[in-house]
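User: Please take a close look at a single part of this model and describe how it is built and covered, and then set it beside the rest of the fold.

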Amino acid sequence: MAATTASVKPFSPEETQRILHYLQQPAVFLNMTCGWPVLHWSAEHLSGCLGDKPVRFRLGRKEETNAPLFETQCSYVEAKLAQFLSWTRGQAGADVGPFCDYPYSEYWAYADYKYIAMLFQDQPSMFEDVKWSEFGFEGRNGRESTLWIGTKGANTPCHLDSYGCNLVLQVQGQKRWHLFPPDDTSKLFPTRIPYEESSVFSQVDVLHPDLRRFPAFQGARAHTVTLQPGQVLYVPKHWWHYVESVDPITVSVNSWIELEGDDVARVSEAVTKAVVCALKSTPSDDNTDKWLNPTEEGVASHNENMLYVNLAVRACAQTQTSACHSKLTKHPKDTHSVKQDSSGQVRSNDDSVESAPVSSPFGPYLIPVNCQQEDQVDTREITRKESASGVGLHRGKHEHSPGLTHYRPRDCGDVNTEESEDCRESRQPIITTNDLLDCLVHPDIIARVTELLLKRHRQSHRTTTSLQL
C-alpha cells in the first residue's frame, strides 16, 4: 500500500501544464519524479554506462574574486568519468588522466551542457529514463535534455537564457540557485561578451560583487534555493540565474522548453550576432580579448550573419501572420529543445491550459521561490514538514552598473604643480569596443531594433503585395 501511495504524483500532466502556464516566478516541484530511472544516474553509474568515452570538463580555480569567471577564462580537459571520480577521491597512484595537472584542492571541475542525445547516442534506451511527459510534454525525454556533472564550487556564471523556460531535475548532490527577475536586468548590467548565442551574461560576480563598479546591484532581488535530489526547479522565461554545486559531486538534468514568441527572440539573437561579430572581428588595439565562448563553433562571416537575420525575420513574420489568421497555438507535445536555436516569450493563447485556470497552485508539493528578507530555508525542511510556505530566500545585497574602461596615466608623476594637458587627457575614461557593444546590443536596444525590423518587413511585404495586385 505504501508503495502504491508513493507512486501517485501530486499533479497530473494536464494539471502540471496549467500550473506552468500560469507560474510567473521560479518554483520547486516535489514528489513528481518518483520512479524515474534517471534518479539512478549517479556519477558512478554514469561512469559505468560511458566506459572509456571521453567527456569534456571545464576547470576553474577555487578562489574568490570580484569578477565572474567566464568560460573563456577556464581550462578544459577531456577525460573518462572514471578518471574524474578518481581525481575527486584523491586516490594515491590512481589514474586521473589529464586531471593530474590540476590539484583537486585548488580546482573545481564541471562537465556542463552535455547533450544526452549525443552522449548516449549508442544507448538510446537511456533516453527513456527521463520522463518529462509527466510534466505534460508528451514525447519529451532524455533526447531533448542536457546533463551536468560537477564538483563542489563548480558554477555557471550569472546569465539569462534568451529562449524558452527551463525545467531542472537534481539527481545527485545539491545545487544552489541564485535567481533574479527579468525586471532586475538593469541592475545586473548585461553583456554579450563573451558571446554565446542565447545567453546574456551579467558583468557582476553575484556572490562577491564589486559594489564600487556596480552599486545598483544592491537593489537586485535575489531568489535563492538549494535544490535537493528528486526535486525539479522551474525557471521562467528570462530569469537570471547563477548556479553553484555545494556537494562534493553533483549531477543534474535539464530541458529547455520552447515557448510561443521564441521566433521574435530568434530575430533578436540574429541581430546581436551580426553586430557582435562585425565589431569584434575587426582588428583594433582593444580587440585582443577572448570574446567568443567555447560553446560556439566559430565566427560566421557577415554575409552568413545577415542571411541568418533575413531568415529569422521572414520566419517570425510568417509565424505572426499565421497566428493572426488561424489563432492556433502549439500543443505541449510539439515543443522542442531550444538552448541553441530558440528564445523565450510568454505563452499567450494556449486554449488547452486557459480552459482551467489555476488560482493558487502552491502547497506542499509546489514551493514558490520567493524573494524575502529572511534567511534561506532549505527545501529538505519543506519536504519533511510538508509545509505550504515558500522556499526561504535571502535578499540580494548587490547591484551592478558597469563603468567605462579606465586606463592608468603613465609618466604623470606625483607632483604638486598643475597637471599637463596630456596627463589630464590620459586620466579620462576610454570607450572600448566592449563598452560600445554593451550599449549597442543591450537587451532593451535589441528589442527595439527587432521591433523596427519586423515593422519594416511587414510594410515592405504589404507594398510588394499591393504592387503585384
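Analyst: A residue is called buried here when its relative accessible area is under 20%, exposed when that area is over 50%, and partly exposed in between. The model is a predicted one, and the part chosen for the close look is helix H4, which spans residues 81–89.

By that cut-off, H4 is mostly covered, since seven of its nine residues are buried. The buried residues of H4 are Leu81, Gln83, Phe84, Leu85, Ser86, Trp87 and Thr88. What covers them includes one other helix, H3 (43–50), together with the strands E2 (55–61), E3 (75–79), E4 (107–115), E5 (146–151) and E14 (249–257). After the helix comes Gly90, a residue whose phi is positive, near 65 degrees.

Some of the elements that cover H4 also turn up around the largest pocket, which has a volume of about 700 Å³. The lining of this pocket is made up of 23 residues, and those closest to its centre are Tyr113, Tyr115, Pro294, Thr295 and Glu297. The elements that give two or more residues to the lining are E2, E3, E4 and helix H5 (116–119). Strand E4 gives the most, with four residues, and E4 is also among the elements that cover the buried residues of H4.

Elsewhere in the model there is an open sheet of six strands, with the order E9-E10-E6-E13-E8-E11 and antiparallel pairing. Strand E9 (190–196) and strand E11 stand at its edges with a single partner strand each, so one side of each is left without a neighbour in the sheet. From one strand to the next, the twist averages 35 degrees.

At one edge, E9 is joined to strand E10 (residues 199–202) by three bridges, and the two run antiparallel; within this pairing, Thr191 has Phe201 in E10 as its bridge partner.

Towards the other edge lies strand E8 (residues 175–180), which is mostly covered, with five of its six residues buried. Six bridges join E8 to strand E13 (residues 240–245) in an antiparallel arrangement, and there the bridge partner of Arg176 is Glu244. Five bridges join E8 to E11 (residues 223–227), and these two strands likewise run antiparallel. Across that second pairing, Lys175 has Leu227 as its bridge partner in E11, while Leu179 stands opposite His223.

Although E11 is an edge strand of the sheet, E11 is mostly covered, and five of its five residues are buried. In a regular strand the side chains alternate between the two faces of the sheet. In E11, His223, Val225 and Leu227 point one way and Thr224 and Thr226 point the other way, and all are buried.

One last point concerns the cysteines, for which the count comes to zero disulfides. Cys34, at 33% relative accessibility, counts as partly exposed, whereas Cys439 is exposed, with a relative accessible area of 53%.

Conventions
Residues are numbered from 1 along each chain as its sequence is written. This is a predicted model: local features need pLDDT of at least 70, side-chain atom pairs count only at pLDDT 80 or more; totals for chains, interfaces and linings use all residues. Side-chain values use heavy atoms; hydrogens and water are left out. Buried means under 20% relative accessible area, exposed over 50%, partly exposed in between (1.4 Å probe, protein chains only). Two strands pair if DSSP finds at least two bridges between them. Contact means heavy atoms within 4.5 Å. Axes are lines fitted to C-alpha atoms, for helices over the stretch in contact, and angles run from 0 to 180 degrees between N-to-C directions. A disulfide is a pair of cysteine sulfur atoms within 2.5 Å. On a 1 Å grid over the protein atoms alone, a cavity is a set of points where a 1.4 Å probe fits but cannot get out, and a pocket is an open set with protein on both sides within 12 Å along at least five of seven lines; lining residues have an atom within 4 Å of a point. Grid points are joined across faces, edges and corners, and a volume is the space filled by probe spheres set on the points.
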